[in-house]
Structures are given as structure tokens and as C-alpha cells.
Amino acid sequence: MSESGRLRIAVQKSGRLSDDSIALLKAIGIKLNIRDRLLIAHSTNQPIDLLRVRDDDIPGLVMDGVVDLGFIGENELEEKMLERKAAGKASEFEVLRRLDYGGCRLSIAVPKEASYNGIGSLEKKRVATTYPYLLERYFAEQKVNAKAVMLTGSVEVAPRAGVADAICDLVSTGATLEANGLVEKDVIFRSKAVLIQRADGDLSDEKLALINRLIPRIDGVMQAKE
Ligand code: PRT
Ligand code: ZN
């Protein structure tokens, strides 16, 4: 792949992390001309290009060295890291900063009428999730023999649909669980957005110098909000 010399940053195109990530880049002085439909946005005052993609793609783009930096939720990052490790793919990266947005938790929840006395209650049960690697790791740590059932959407309706006995999904306010007659039981992972950098040691001195100028500005913006 050709090296343009411009720093490439991956951000979620449209979703819960998009606005805060773009706002942070603007707050640290990066002028961006974002056109809604376009994959690439060029900065007009810095040698920086934004790649606007689905959040699921960001860990792989960083770990494959296609982009230099990425804004991503730790939940998605850790899940993709485990998935890539299992597949023997590159899974290295460096966390530059943990950010102050995107907070949520990955929790196990069960139907409110179900009896539940700790994770052992899930023995031989099926748990629907979009994060099978994180969930299977938790089962292994807890020595519970349960099965993660992968669903990419509508996880919260799985128990009612008879697809699973419980779910493991992201929670922020808890309103979605409540609306679906589910009760949060165990938090298995706490997540925030992070800024990550590719760890292949191939970054040019110019790019590293630019990153080293950007990071203190990020710290400044976060401190000003405290
Ligand atoms: O299209 P693309 O693949 O890019 O987006 P996506 O739909 O996969 O992700 P998106 O935009 O929903 O979430 C991106 C990231 O935001 C997640 O990976 C988390 O790191 C973070 N985040 C923070 C959340 C939430 N809070 C959250 N509440 N992601 C999802 N939710 C969902 C959750 O799955 C459930 O459906 O919101 C619902 C629960 O919210 P409450 O408030 O009812 O508890
Ligand atoms: Zn996604």
C-alpha cells in the first residue's frame, strides 16, 4: 500500500462514538471538511486524513497498519483483538489515551422471572451476545460451562424469542434491558472510548512528531472538561 505521508485516523462514520471523536479532533485544532457520504475526509490545516468506517472495522485497520490511529470502544477493541489472536492474525496496538466518552458496561442479564444465584446458574445455558470472545473468556475465568450464541443485533429479544436463556450486551442507562423485561446481573467488562495507535514500529518520524504534538492537546481538552 502506498504511504501518503499523511497521518491516517479511523473514526466511526455514524454511531455513538462519531460526534465525540470528531468534536475532540476539532477541539485540538484539526480543521476537517467532512462530507456525509464520503469515506475519506481531509484536514485542511494538518497532514491528516480521516477514514470514516464502521466501528467493527477500526481495530483491524489499526492492527493491520492500514491506518495510524483509531478511535474505538474498548469493548469492540478487546473483542476484535481476541478474535484476531484466535485466527492467528496480527493483534498488536498501543493505547495512547483512554477518553472521557463512550462509557458503557458489558453485562449479563436474565429475564426478570428467571431464578439467578450467580454465574453458576448459567451452567449448560445459552447466552446471546455480539461479544462471544469476551463472554467465552469470562465463562472460562469463572469456570462455567455455558455457551455464547452470536447475534449481531436484537440481542435483547433473544430470551423472549426462545433463542437463548440470557444475554450479554452493552448497557448504559439500563432502559433497554428494562423495556425487554431483563435484569442486569454481572458486569463482565467496563468500557470507554480509547485512542489507539498501530504498533508496527513503521511510523515515520514526521508522523510520530505529529502524534506527539496532538496528544498533549487531547490531555488539555480533557482536563478543561473535568
Ligand atoms: O454502524 P456501526 O457498526 O459503526 O455502529 P454500532 O451499531 O456497532 O455501534 P454503536 O454506534 O451503537 O456503538 C458504538 C460504541 O459505543 C460501542 O461499541 C460502545 O463502545 C459505545 N457505547 C456506549 C454503546 C452504548 N454506550 C450503548 N448503550 N454501544 C451500544 N449501546 C447500546 C446497547 O447495545 C443497547 O442496545 O444501547 C443499548 C443500551 O442502552 P441503554 O441506555 O438502554 O442501557
Ligand atoms: Zn459496529
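Let's start with a helix that makes a good landmark: H3 lies across strand E6 (104–111), E9 and E10, and its direction makes about 75 degrees with that of E10. H3 also lies across E4 and E11, where it runs at about 105 degrees to E4. Keep this helix in view, as we will come back to it at the ligand.

Before going further, a word on what you are looking at. This is a predicted model, with a mean pLDDT of 96 for the protein chain and 98% of its residues at 70 or more. Its overall scores are ipTM 0.99 and pTM 0.97.

Now step back to the whole chain. The protein chain is divided into domain 1, made of 7–102 + 192–225, and domain 2, which covers 104–190. Between the C-alpha centres of domain 1 and domain 2 there are 29 Å. Six residues of domain 1 and eight residues of domain 2 take part in the contact between them. On the side of domain 1 that touches domain 2, three residues are charged, two are polar and one is nonpolar.

Let's turn to the sheets, beginning with the one that holds E4 and E11. Six strands make up this open sheet, and you can trace them in the order E2-E3-E1-E4-E11-E5, with mixed pairing. At its edges are strand E2 (40–42) and strand E5 (94–98), each of which pairs on one side only. From one strand to its neighbour, the average turn in this sheet is 25 degrees, direction ignored. Look in particular at strand E4 (residues 69–73) and strand E11 (residues 193–197): they run antiparallel and are joined by five bridges. Within this pair, Leu69 has Gln197 of E11 as its bridge partner. A second helix is worth finding here, namely helix H6 (residues 205–225), which lies across strand E1 (7–12), E5 and E11 and runs at about 25 degrees to E5.

The other sheet is open too, and its five strands follow the order E8-E7-E9-E6-E10, again with mixed pairing. Strand E8 (147–150) and strand E10 (182–191) each have a single partner strand, so one side of each has no neighbour in the sheet. Neighbouring strands here are turned against each other by 30 degrees on average, direction ignored. For a parallel pair, go to strand E7 (residues 126–129) and E8, which share four bridges. In this pairing, Val127 stands opposite Ala148 of E8.

With both sheets in place, where does ligand 1 sit relative to domain 1 and domain 2? Both domains give residues to the shell around ligand 1, so the ligand lies between them. That shell counts 21 residues, of which Gly15, Gly73, Cys104, Thr173 and Thr176 come nearest. Here our landmark returns: helix H3 (74–86), strand E9 (166–171) and helix H5 (175–179) are the elements that give two or more residues to the shell. The largest share, three residues, comes from E9. Sorted by class, the shell around ligand 1 has 10 polar, six charged and five nonpolar residues.

To put the picture together, return to H3 once more. This helix lies across E4 and E11, lies across E6, E9 and E10 as well, and gives two or more residues to the shell around ligand 1.

Technical notes. Residues numbered from 1 in each chain as written. Chains lettered and ligands numbered in written order. Predicted model: local features only at pLDDT ≥ 70, side-chain atom pairs only at ≥ 80, totals over all residues. Near = placed C-beta within 6 Å. Nonpolar A, V, L, I, M, F, W, Y, C, P; charged D, E, K, R; others polar. Domains from an automatic or database assignment. Pairing = 2+ DSSP bridges. Axes fitted to C-alpha atoms, helices over the stretch in contact; angles between N-to-C directions. Contact = placed C-beta atoms within 7 Å. pLDDT = per-residue confidence, 0-100.
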